[in-house]
Amino acid sequence: MTETPAPAVLSAALVSRAPKALLHDHLDGGLRPQTIIDLANESGYAGLPASDADALGQWFRDSADSGSLERYLETFSHTVAVMQTADQLSRVARECAIDLAADGVVYAETRFAPEQHVAGGLSLTEVIEAVLEGLRDGEAEAAAAGTPIRMVALLTAMRHAAKSDEIAELAVRYRDQGVGGFDIAGAEAGFPPSRHLSAFEYLRRENAHFTIHAGEAFGLPSIWEAIQWCGADRLGHGVRIMDDITVSDSDSADAEGEGATLGRLAAYVRDCRIPLEMCPTSNLQTGAAESIATHPISLLKDLRFRVTINTDNRLMSGTSMSREMQLLVDEAGWTLDDLRWATINAMKSAFIPFDERLAIIEHVVKPGYAALSAAT
Ligand SMILES: O=c1[nH]cnc2c1ncn2[C@H]1C[C@H](O)[C@@H](CO)O1
Ligand SMILES: [Zn+2]
């Protein structure tokens, strides 16, 4: 993005200090392995594939590394199994806020599907309230530790199920209490966004925000429906927008994206500044991309799409915001200016009011990057 030469190396220490904004992180995909073990022991869940934290973490990473979204999603049965009481949900949410803050994340939206957490007898509202309480506790602890973070929850409906109307209503009911918006997730092929049209129409009537997982395991029709039928504010992943971009020969798009031609849908996404919640490591695991070096995120950055960097599932991908950023620096040549740009993109696209977004950009993100630039 910049004309100035990139520093030779952006060290891990420097990247970890950079302020970060995270729009796409699943609460049930980010548990600490030791917490899963603790909660399984306390609740009597006997289904874990390993009893030692390191081995369990490795099991999640390996099992999620299958090249298939459907198989990737199977690993969530273990995390969801230990998120069925209010205490369990609050603990996971509190630790999510603390872990993200310790990684330099200053603003995060974490998403979860309330309907997956009622097997232990909780109501949907009890699930939501337990998560919100944990997020508030985590924010307070992070602030006390000198790493303030603003946490927002997104409510997800599972796209194969039929709860989206109810979950959308809850997203509206809790919007002034820490819920920023709505999402649909789960297997994409065979479950187009338009299945949940009534939920999206309701949210639009209510002036509420939503994002849709689209263009991850399925291509342009899914992205097109998400935007043009459903009216999504943002795209979860959206990596397959590449199917509507022609690069004249594979190496010819230069650092400004010259040499690339956009189809109508890609042009619309760029023209309307529709944010892309991109999750590089997750895409390698589900087969949506081949390598970090060739991941579409870099071409989309050069073409000035509204690109953001995200973790998706920190447990399944063994990742963090710092790691995702560092991979882009080391393997795709991203600079500190690029990281700053993507962070501001994310803040501009956040599901909090405009004045609050601006305050974080002006008072946290820009000064943070200025201090890092001065240090390089
Ligand atoms: O990357 C993803 N694509 C589609 N669905 C996903 C992805 N990561 C997690 N999920 C699902 C599994 C979780 O149980 C659910 C709610 O967070 O969302
Ligand atoms: Zn996701």
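**Exercise 1.** Is His24 buried or exposed, and how many other C-beta atoms lie within 10 Å? Place His24 in its element, and then name the residues that it touches.

*Solution.* The structure to be read here is a predicted model, and His24 is found in strand β1 of it. The next step is to count: 30 other C-beta atoms lie within 10 Å of His24. A residue is called buried when that count is 20 or more, and therefore His24 is buried. Leaving aside neighbours within four places in sequence, the contacts of His24 are Gly236, Glu277, Cys279, Asn310 and Asp312.

**Exercise 2.** Find which residues UniProt lists under "binding site", and work out whether they lie together in space.

*Solution.* The unreviewed UniProt entry gives His24, His26, His213 and Asp312 for "binding site". These positions are spread over 289 residues of sequence, and yet they cluster in space, with a largest C-alpha distance of 11.9 Å. The contacts point to Asp312 twice, for His24 is in contact with Asp312, and His26 touches Asp312 together with Arg111, Phe112 and Asn313, when residues up to four places away in sequence are not counted. His26 is also in strand β1, and it is buried because 25 other C-beta atoms lie within 10 Å.

**Exercise 3.** Describe the surroundings of ligand 1, beginning with the residues that come nearest.

*Solution.* There are 19 residues around ligand 1, and those that come nearest are His26, Phe76, Ala113, Thr156 and Ala185. His26 has already appeared as a position that the UniProt entry lists under "binding site". By kind, the shell divides into seven nonpolar, eight polar and four charged residues. By element, α4 (69–74), α5 (76–81) and β2 (105–112) each supply at least two residues of the shell.

**Exercise 4.** Locate the residue that UniProt lists for "active site", and explain why it counts as buried.

*Solution.* The unreviewed entry names Glu216, which lies in the loop between β5 (211–214) and α10 (220–229). Glu216 is buried because 26 other C-beta atoms lie within 10 Å. If residues up to four places away in sequence are not counted, Glu216 touches Leu69, Glu188, His237, Val239, Thr286 and Ala288.

**Exercise 5.** Check the lengths of helices α7 and α16, and then say what covers their buried residues.

*Solution.* Helix α7 (residues 124–144) has 21 residues, so at 1.5 Å a residue it should span 30 Å, and its end C-alpha atoms, 31 Å apart, agree with this. Helix α16 (residues 336–348) has 13 residues and should therefore span 18 Å, which agrees with end C-alpha atoms that are 18 Å apart.

The buried residues of α7 include Val127, Ile128 and Leu132, and among the elements that cover the buried residues of α7 are α6, β2, β3 (150–158) and α8 (164–173). After α7 comes Gly146, whose phi is positive, near 85°.

In α16, 10 of the 13 residues are buried, so this helix is largely enclosed by the rest of the structure. Trp341 and Met347 are among these buried residues, and the elements covering them include β1 (20–26), β2, α13 (296–302) and α17 (354–375).

**Exercise 6.** State how confident the predictor is in this chain, and where its mean pLDDT is lowest and highest.

*Solution.* The chain averages a pLDDT of 95, and 97% of the residues score at least 70. Among the elements, α4 has the lowest mean pLDDT, 90, while helix α6 (residues 86–102) has the highest, 99. The model as a whole scores ipTM 0.99 and pTM 0.96.

How values were computed: Residues numbered from 1 in each chain as written. Chains lettered and ligands numbered in written order. Predicted model: local features only at pLDDT ≥ 70, side-chain atom pairs only at ≥ 80, totals over all residues. Near = placed C-beta within 6 Å. Helix = DSSP H or I, 4+ residues; strand = E, 2+ residues; numbered from the N terminus. Nonpolar A, V, L, I, M, F, W, Y, C, P; charged D, E, K, R; others polar. pLDDT = per-residue confidence, 0-100. UniProt positions renumbered as here; feature names shortened; annotations may be inferred. Buried ≥ 20, exposed ≤ 12 C-beta atoms within 10 Å, placed from the backbone. Contact = placed C-beta atoms within 7 Å. Expected span 1.5 Å × (residues − 1).
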